[in-house]
Amino acid sequence: PQEIRREDYKEPGFIVEKVELVFDLDRDVTNVKSRLFMAANPVRGTGKGDEVFLHGEDMKLLSVTLNEARLASSDFTVDQEGLRFKAPGQNFIAELETQISPANNTRLEGLYVSQSAFCTQCEAEGFRRITYFPDRPDVMATYKVTINANKESCPVLLSNGNLIDSGDLDGGRHFAVWEDPFPKPSYLFALVAGDLACVEDSFKTMSGRDVALRIFVEHGNEDRCDYAMDSLKRSMKWDEDVYGLEYDLDLFNIVAVSDFNMGAMENKSLNVFNAKFVLARPDTATDGDYERIESIVAHEYFHNWSGNRVTCRDWFQLSLKEGLTVFRDQEFSADQRSRPVQRIKDVNALRAAQFPEDAGPLAHPVRPDSYMEINNFYTATVYEKGAELIRMMHTLLGPDGYRKGIDLYFDRHDGQAVTCDDFAKAMEDANGIDFSQLKLWYSQAGTPKLSWQGEYDADAKQYRLTISQKTDPTPGQPDKKPLHMPISIGLLGADGSDLVAETVELSEASQEFVFDGVTEAPVLSFNRGFSAPVNITTDQPDDELVFLMGNDSDAFNRWEAGQKYATRLMLSAIAAYEANGGDVDAAFADEQARVDAFIAAMRATLTNDDLDKAFRADALVLPGEAFLSEQRKPANPEAIYQVRTALRKRIGQALSDDFANTYHQNASNAAFTPDATSAGQRALRATALAYLVASGADEFADVAVAQYGTADNMTDQMAALSVLNNLDHPGRETALADFEERFANDAVVLDKWFSLQAMSSRDDTLARIKDLMSHPAFTMRNPNKVRALIGAFAMGNPRHFHAKDGSGYAFYADRLIELDDINPQVAARLCAPLGKWAKYDVDRADKMKAELNRILAKPEISRDLYEIASKSVA
Ligand code: HT7
Ligand code: ZN
């Protein structure tokens with residue numbers, strides 16, 4: 001497959017001003033007629049006789065008509081990429097008639113069938129599977145869409161914009177006509193048709209307009225839409241309050257579908273969602289689910305401005321809309337819930353997905369320079385690191401300067417398709433500053449490593465801080481430049497108060513900052529709030545970390561200090577475990593004093609009632625196995641698992657009374673509400689239960705069994721089931737069987753059951769997964785099922801995925817090969833875990849590479865999977 005390069009960007013030769021589409025919907029043969037009002041592009045100087053190119057893939061082309069004259073087959077050419085003909089003039093009307101087969105569309109790109117409903121997914125390049133069109137985001141047109149369908153099976157007919165006509169047709173069919181007044185790129189087109197239930201509400205905008213809000217779901221799910229609807233209304237209000245941005249149509253629709261490649265899609269006024277990010281009822285959804293629904297509903301809604309009103313010039317600019325919109329949804333969640341807890345969650349996600357990506361074979365800049373398949377670039381780097389870049393702008397400019405920049409960006413570019421440079425320029429112009437060095441974050445891949453050295457001069461009452469930065473080479477980028485970044489710091493006095501709290505701007509490879517008036521030797525709190533997305537290599541003494549855990553006024557860094565201490569402790573124990581041949585008790589023998597000090601600090605956090613419960617729950621969770629793997633080379637998954645499990649056991653035993661108190665004190669008889677405070681209480685109680693069970697005392701497994709049986713909400717039930725899941729306890733099978741029976745017909749909830757078993761630390765896990773593949777509810781055609789069972793195994797079960805005999809790798813590669821023929825996009829997204837071979841010992845690395853090569857040898861491998869597997873094996 002060919003690489004597409006950012007530097008080769010050319011304006012379109014011809015643009016489309018208006019599109020009229022007519023769909024005759026049928027599961028097997030859908031007829032699509034399109035009328036394109038086209039014009040030569042003055043910027044390119046094209047005109048009559050020049051070649052017009054329309055993208056198109058996997059369709060049957062029935063006819064091409066230009067200015068009402070049907071073309072003979074010799075007047076156009078069609079290949080695997082699209083259709084070419086000569087322009088009949090500067091302005092002309094092109095009419096195309098195509099046939100597609102939605103029921104056979106297992107890729108879930110373009111028009112497909114989910115359950116019995118028709119739906120579309122056009123980002124990034126799905127529209128070219130519906131009709132021939134210049135399917136690129138810088139071609140923006142208005143759309144008028146007519147949908148004809150069987151009235152009984154498809155009573156609901158939806159597209160973007162406003163409904164302008166509808167009525168009955170012969171033969172049991174009916175039609176609806178939708179018109180979207182806002183010019184949009186083809187990736188924002190959507191169509192949904194099916195027998196769906198509708199939940200309705202409304203929102204009054206800041207200028208007093210009433211907007212009808214509708215959520216469409218499968219019949220029977222109407223009572224699971226309240227939280228999504230409430231989240232939507234809160235998002236609309238927040239965008240008005242914080243960004244001054246108002247919704248621009250009188251209708252906003254959300255449709256939940258079961259088969260979806262990603263989380264959700266921001267099609268103009270017709271968002272399509274993976275059902276798991278809409279449906280929630282206390283007995284079916286956990287607090288984590290509620291939280292994700294809130295943030296994804298907000299994310300898609302925020303795209304109405306950051307993505308739809310102002311869109312991307314080309315797909316290399318994807319972070320223009322995604323980085324900005326992730327930052328917006330993170331801030332929305334921080335305002336709705338606890339700001340520090342939200343930051344911890346976001347940084348955990350960044351470290352779990354983006355830092356490894358930036359350190360591996362698939363590393364790429366926030367604004368990539370080339371791709372084979374754009375679907376492979378919906379990555380943690382484009383999304384999460386892109387959001388960190390916007391966050392740094394926010395920190396450097398302050399809230400007012402940031403808002404000035406945002407206002408200018410939307411004023412200047414409303415209705416346009418623009419670049420990341422245009423965004424940065426608006427920020428610069430509104431604030432009269434220079435972001436040229438900061439913009440390197442767009443183009444330079446890799447996570448910078450920072451080290452610091454502090455020196456206190458008691459006589460001068462001065463603290464000198466030297467910060468150095470270095471970024472390791474990444475594929476294609478051997479030399480890195482120093483980056484510009486804000487570093488928030490605090491200098492703590494012995495009583496724990498801030499002697500200094502400031503944000504400094506690092507821009508050189510090594511730079512000194514001097515703080516005057518520091519009256520005593522301070523403890524440094526570095527990179528507060530994770531102000532810059534970097535790794536820090538300086539080791540701070542244990543006692544300073546304990547001090548920060550108990551005193552830092554920056555809650556994020558209180559948590560961070562605990563994570564650092566725990567990581568350090570576990571890394572030494574892992575090294576000892578390996579050195580002594582796998583004796584976990586011996587591994588901790590030399591660490592007793594440090595373990596005791598750490599446990600005492602954990603106890604102080606657990607019992608500190610001044611701290612938010614959600615924060616305490618987070619602060620008590622040890623860094624995960626995947627994170628620890630990133631800190632070791634070669635990573636030894638068995639040693640990591642054994643040491644982490646042993647430390648949890650020690651903490652559970654040492655703090656057994658405290659955890660038991662916490663568990664009992666945080667029981668609640670009140671009816672479930674999904675608010676952050678109640679969720680924090682449940683999270684703390686779940687953490688206590690997990691440690692009590694980890695302590696190994698049998699009585700607590702019985703407590704978990706009892707909790708599973710009596711809980712009136714899914715959060716408490718899953719908390720119990722997750723701890724039972726790793727045990728050899730009869731209660732495990734009984735609870736799993738009960739869960740399966742209760743939710744046999746509930747796809748979204750049953751996925752939790754598949755995932756739990758895929759992530760179990762028990763030795764029979766892989767055999768169980770193989771059995772579960774023949775479960776009646778499992779199918780490789782549904783991405784949620786594949787992610788729940790197969791994806792969860794590779795990403796959530798490092799010990800078994802990396803089994804020494806290579807059985808985990810072989811099983812996984814078989815599934816990717818099978819999946820590639822069904823849904824290449826999902827197959828490619830799941831391939832990354834095999835690409836981490838360089839982190840492991842030679843034996844494992846060879847086995848992982850052999851599987852990648854086996855995948856690459858697959859006949860007719862997709863472009864999607866080829867790109868990931870070939871870059872990973874290199
Ligand atoms: N902008 C949306 C991305 C998306 C997507 C991309 C490729 C293939 C399928 C997809 N579904 C959704 C989602 C978002 O970031 O809001
Ligand atoms: Zn998005």
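This report describes strand β21, its pairing partners and the surroundings of ligand 1.

## Basis of the model

The model is predicted, with local features requiring pLDDT of at least 70 and side-chain atom pairs counted only at pLDDT 80 or more, while totals for chains, interfaces and linings use all residues. Residues are numbered from 1 along each chain as its sequence is written, and chains are lettered from A and ligands numbered from 1 in the order in which they are written.

## Strand β21 and its partners

Strand β21 covers residues 270–274, strands being DSSP runs of E with at least two residues, and helices runs of H or I with at least four, numbered from the N terminus. Five of its five residues are buried, that is, 20 or more other C-beta atoms, placed from the backbone, lie within 10 Å of their own. Leu270, Val272 and Asn274 point one way from β21, and Asn271 and Phe273 the other way.

Pairing requires at least two DSSP bridges between two strands. Strand β19 (residues 251–257) runs parallel to β21 and is joined to it by five bridges, with Ala256 opposite Phe273. Strand β20 (residues 264–265) is antiparallel to β21 over two bridges, and Met265 has Val272 as its bridge partner. Four residues lie between the strands of this β20 and β21 hairpin, where Ser269 adopts a positive phi near 60°.

## Surroundings of ligand 1

Around ligand 1 there are 14 residues, of which Glu123, Asn261, Met262, Met265 and Tyr378 come nearest; a residue belongs here if its C-beta atom, placed from the backbone, lies within 6 Å of the molecule. Two or more residues of this shell come from each of β20 and α2 (287–302). The shell comprises five nonpolar, five polar and four charged residues, where Ala, Val, Leu, Ile, Met, Phe, Trp, Tyr, Cys and Pro count as nonpolar, Asp, Glu, Lys and Arg as charged, and the others, Gly among them, as polar.

Key:
Buried ≥ 20, exposed ≤ 12 C-beta atoms within 10 Å, placed from the backbone.
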